[in-house]
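Work through the exercises below with the sequence and the 3D view side by side. Try each task before you read its solution.

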Amino acid sequence: MSAARSCRPPRALAGLFVWHLRNTGARQIPCRFVHLHHVASNRLITFQYFNFLKRMYVTQCNKDLSQRAKPKSDSVVSPFHELQQLDQEKKFVNKISSVSPVHQSWSEMSSRKELREIKSAAETEDSVIPVGAESKEDRQWKEMKLRLHDLPGILARLSKIKLTALVVSTASAGFAMAPVPFEITCFLLASLGTGLASCAANSINQFFEVPFDSNMNRTKNRPLVRGQISPLLAVCFAASCGIPGIALLTLGVNPLTGALGAFNIFLYTCCYTPLKRMSIANTWVGAVVGAIPPVMGWTAATGSLDAGALLLGGILYSWQFPHFNALSWGLREDYSRGGYCMMSVTHPGLCRRVALRHCLALIGLSAVAPVLNITTWTFPVISLPINLYISYLGFRFYRDADRSSSRKLFFCSLWHLPMLLLVMFTCKKSLVEKEDKGWQGVCALPGRCHPALHPALLPGAASPAFLQGRIAPGRVWEVPVAEVGSDPSGWKKCSRTSYLQT
Amino acid sequence: MAAARVLQAGGCYRRRPLSSASSSASSGSGRAAERGERPDSVGLGFRPPAHSHSDWIGPPDRHSNLRPVIFYVPPEESALERRLREARQEAQASNQRFWARHNRAFRQEKEEFIYSRLKAKGLEMRDESGQKATLNAEEMADFYKDFLSKNLKKHLQYNRDWYKRNFRITFLMGQVALVRALRWLRRRKKNVEQ
């Protein structure tokens with residue numbers, strides 16, 4: 001990630017990034033890379049870390065002295081030259097009319113003249129003030145023309161690039177946790193495909209929600225709300241990200257991951273987004289949306305949906321609730337006015353209960369991980385402190401139901417998930433225990449090989465778990481002697497599999 | 001006519017100087033000739049420069065928080081383009097009406113709620129220092145819940161309308177873009193042949 005921009009507040013630290021608290025109200029997929037967040041009077045400072053946002057200046061927004069980088073639009077200058085000239089002419093004309101009465105004769109008309117003077121002076125003053133206000137207002141009118149050099153920034157904001165980055169990192173977490181040898185090409189393809197799918201889903205979400213976003217403080221600066229891009233272009237962008245993304249996942253990784261990606265886009269755009277305004281069930285749907293990316297990462301690596309994938313998805317599913325419920329506690333006014341059905345507004349008791357319930361569920365799910373052979377037994381032990389802490393904060397939120405406890409829970413959730421995933425990764429059960437190897441099989445098929453064609457074991461023997469359904473071209477897998485025996489002759493093998501004795 | 005409705009609601013459009021002096025004079029006392037005052041622009045407080053061929057979008061409206069758009073009317077506007085522009089104007093007007101009314105109702109009901117709660121507690125609207133008394137978030141939560149449930153049906157209706165309009169406008173935009181692209185290709189082919 002590129003470093004923060006040069007015109008950032010002195011309080012910020014170089015080389016780190018934070019994201020705006022308010023931006024995390026939407027369906028937030030957790031971040032692995034929270035290094036630091038610095039709260040400045042209830043607001044976090046964002047950094048623009050894309051190089052194509054070339055010119056930026058400091059703006060004073062809402063009369064507070066926080067610096068916010070805003071891309072400079074330079075086409076505003078020219079149209080208003082003529083308006084300003086007109087204003088100056090008006091002022092000049094008024095000055096002349098006020099000067100002339102002074103030079104007339106000082107007869108009994110003088111009193112009337114004085115009145116006229118006062119009136120014209122007042123008019124001058126009056127004309128000055130509204131003209132000044134007008135030109136300030138005029139500057140806020142923007143031409144709805146797409147400028148190519150603004151386009152990358154606009155598309156980044158349209159696709160909620162930061163959220164997309166977080167989604168991709170959870171998918172990579174899923175990939176990393178899968179008990180197969182790490183393949184870099186598969187990993188990159190899966191990450192790219194997931195990222196494109198996420199961009200598409202976010203763009204469609206913004207396309208659907210323009211008038212609602214205008215009315216909420218958090219979202220009123222989105223590109224479609226500000227008219228920087230037309231809805232048609234937003235839809236075309238979404239299609240041009242989504243179709244290649246899903247195609248990449250289906251053809252380049254495996255069809256299961258592609259199907260999950262397409263399903264997730266559908267769930268987010270066609271179920272979650274409309275449901276937000278219809279019923280509180282949207283939170284559960286949104287939690288599933290957040291849980292699917294790590295499952296996609298896992299299936300990309302292994303090619304099958306097994307218990308480990310579901311567990312990882314389950315952990316993310318449970319995490320969404322304390323995260324989102326705590327955040328939504330502070331946004332109740334905006335949700336109520338905007339017409340969003342959220343638990344924090346309609347069922348506050350349920351909101352807090354669910355958050356606490358899922359904090360406790362995280363403890364349980366962490367304990368299940370070693371049972372499924374994903375991690376060693378050290379994982380539940382090491383993760384117990386952080387899980388207990390978030391549960392404690394969840395309990396405080398449940399009991400106190402106030403702003404400070406909700407904020408504490410929200411902030412905790414921000415670092416809790418990356419830490420949990422990190423601990424999980426370090427406690428990952430190593431692939432193959434060091435035992436005597438029997439045979440190495442290498443599949444030489446160009447595409448993905450169907451598991452049925454690959455060797456089944458001697459009748460009566462159980463097939464090694466990691467052989468089932470996880471065959472990829474060029475992959476080498478090792479079979480323990482104890483399971484196979486030294487002679488592979490009893491094996492059925494696919495015609496293009498070769499065996500090498502180790 | 002759509003124009004009058006649109007003027008009332010705060011949306012507006014402008015025509016290029018050549019085509020419209022007569023038509024604008026004829027279609028009502030509210031709109032003056034092109035070169036000079038533009039009452040609809042004055043209503044919004046802005047007049048886009050004459051040389052610009054694109055739409056202009058303004059700051060958020062005080063009541064509805066939506067940004068008004070001044071649409072550009074090209075001299076040779078096809079029927080399809082006119083349909084698109086009118087659909088956008090209508091959507092803008094309808095959204096403006098809905099949100100202005102909704103936000104006003106919210107503010108009003110919020111004031112009433114605060115007043116009634118303060119009265120129940122025996123407090124005044126303004127305390128000794130002249131500051132407006134407010135209720136804390138937990139007390140306001142009752143109001144938010146109540147307001148949301150009261151307006152749910154209205155929102156469902158509005159959502160349906162908005163989705164339909166949005167799809168229709170985007171589809172029309174697609175058609176217009178396609179027609180323009182074909183026209184441009186045809187012109188290029190003609191130039192190449194010449």
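Six exercises follow, each with a worked solution.

This is a predicted model, in which local features need pLDDT of at least 70 and side-chain atom pairs count only at pLDDT 80 or more, while totals for chains, interfaces and linings use all residues. Residues are numbered from 1 along each chain as its sequence is written, chains are lettered from A and ligands numbered from 1 in the order in which they are written, and side-chain values use heavy atoms, with hydrogens and water left out.

**Exercise 1. Take stock of the two chains**

Task: describe the secondary structure, burial and contacts of chain A and chain B.

Solution. Start with the elements. Helices (H or I, at least four residues) and strands (E, at least two) are DSSP runs, numbered from the N terminus. Chain A has 17 helices and eight strands. Chain B has five helices and three strands. Read from the N terminus, the order in chain B is α-β-α-α-β-β-α-α.

Next, burial. Buried means under 20% relative accessible area, exposed over 50%, and partly exposed in between (1.4 Å probe, protein chains only). In chain A, 50% of the 502 residues are buried. In chain B, 39% of the 194 residues are.

Last, contacts, meaning heavy atoms within 4.5 Å. Take the contacts in chain A with a separation of 6 or more: 73% join residues 24 or more positions apart. For chain B, 58% of the contacts between residues at least 6 apart join residues at least 24 apart.

**Exercise 2. Check the confidence**

Task: find which elements of chain A have the lowest and the highest mean pLDDT.

Solution. pLDDT is the predictor's confidence in each residue, from 0 to 100. Begin with the whole chain. Chain A has a mean pLDDT of 73, and 59% of its residues reach 70 or more. Now go element by element. Helix α17 (residues 481–484) has the lowest mean, 39, and helix α5 (residues 184–208) the highest, 96.

Then look for weak stretches. Over residues 124–129 of chain A, pLDDT stays under 50, and the model has three contacts beyond four places in sequence for them. Residues 433–502 of chain A also stay under 50, with 122 such contacts.

**Exercise 3. Look for disulfides**

Task: why does C241(A) form no disulfide with C199(A)?

Solution. A disulfide is a covalent bond between the sulfur atoms of two cysteines. The cut-off here is a pair of cysteine sulfur atoms within 2.5 Å. The closest cysteine sulfur to that of C241(A) is in C199(A), 4.8 Å away, so the gap is too far for a bond. Over all chains, the count of disulfides is zero. C241(A) is buried at 7% relative accessible area. C427(A) is buried too, at 6%.

**Exercise 4. Follow the rings**

Task: which parts of chain A does the pair of F212(A) and Y340(A) tie together?

Solution. Set the rule first. Rings of Phe, Tyr and Trp (its six-membered ring) pair if their centres lie within 6.5 Å; planes under 30 degrees apart are stacked, over 60 edge-to-face, and the rest tilted. The structure holds 29 aromatic pairs over all chains. One of them joins F207(A) and F208(A): with centres 5.6 Å apart and planes at 40°, the pair is tilted. F207(A) and F208(A) are both buried.

Now the pair in the task. F212(A) and Y340(A) are edge-to-face, at 6.3 Å centre to centre and 70° between the planes. F212(A) sits in helix α6 (residues 210–214), and Y340(A) in the loop between α12 (332–338) and α13 (343–346), so the pair ties together parts 128 residues apart in sequence. F212(A) has 0% relative accessibility and is buried. Y340(A) is buried at 3%.

Widen the view. F212(A) and Y340(A) belong to one aromatic cluster with Y335(A), F98(B), W99(B) and Y158(B).

Add charge. A charge sits over a ring if NZ of Lys or CZ of Arg is within 6 Å of the ring centre and within 35 degrees of the ring normal. R277(A) lies over the face of F212(A), 3.4 Å from the ring centre. R332(A) lies over W329(A), at 4.1 Å.

**Exercise 5. Find the nonpolar cores**

Task: which residues have the most contacts inside the largest nonpolar core?

Solution. A nonpolar core is a set of buried Ala, Val, Leu, Ile, Met, Phe, Trp, Tyr and Cys residues joined through side-chain atoms within 4.5 Å. The largest has 100 residues, and Y335(A) and L409(A) have the most contacts inside it. Its largest share, 10 residues, comes from α5(A). A second, separate core has nine residues, including L232(A), L80(B), A87(B) and L172(B).

**Exercise 6. Place one serine**

Task: is S64(B) buried or exposed?

Solution. Locate S64(B) in the loop between β2 (56–57) and β3 (69–73) of chain B. Its relative accessible area is 0%, so S64(B) is buried. Beyond four places in sequence, S64(B) contacts N215(A), Q96(B), W99(B), A100(B) and N103(B).
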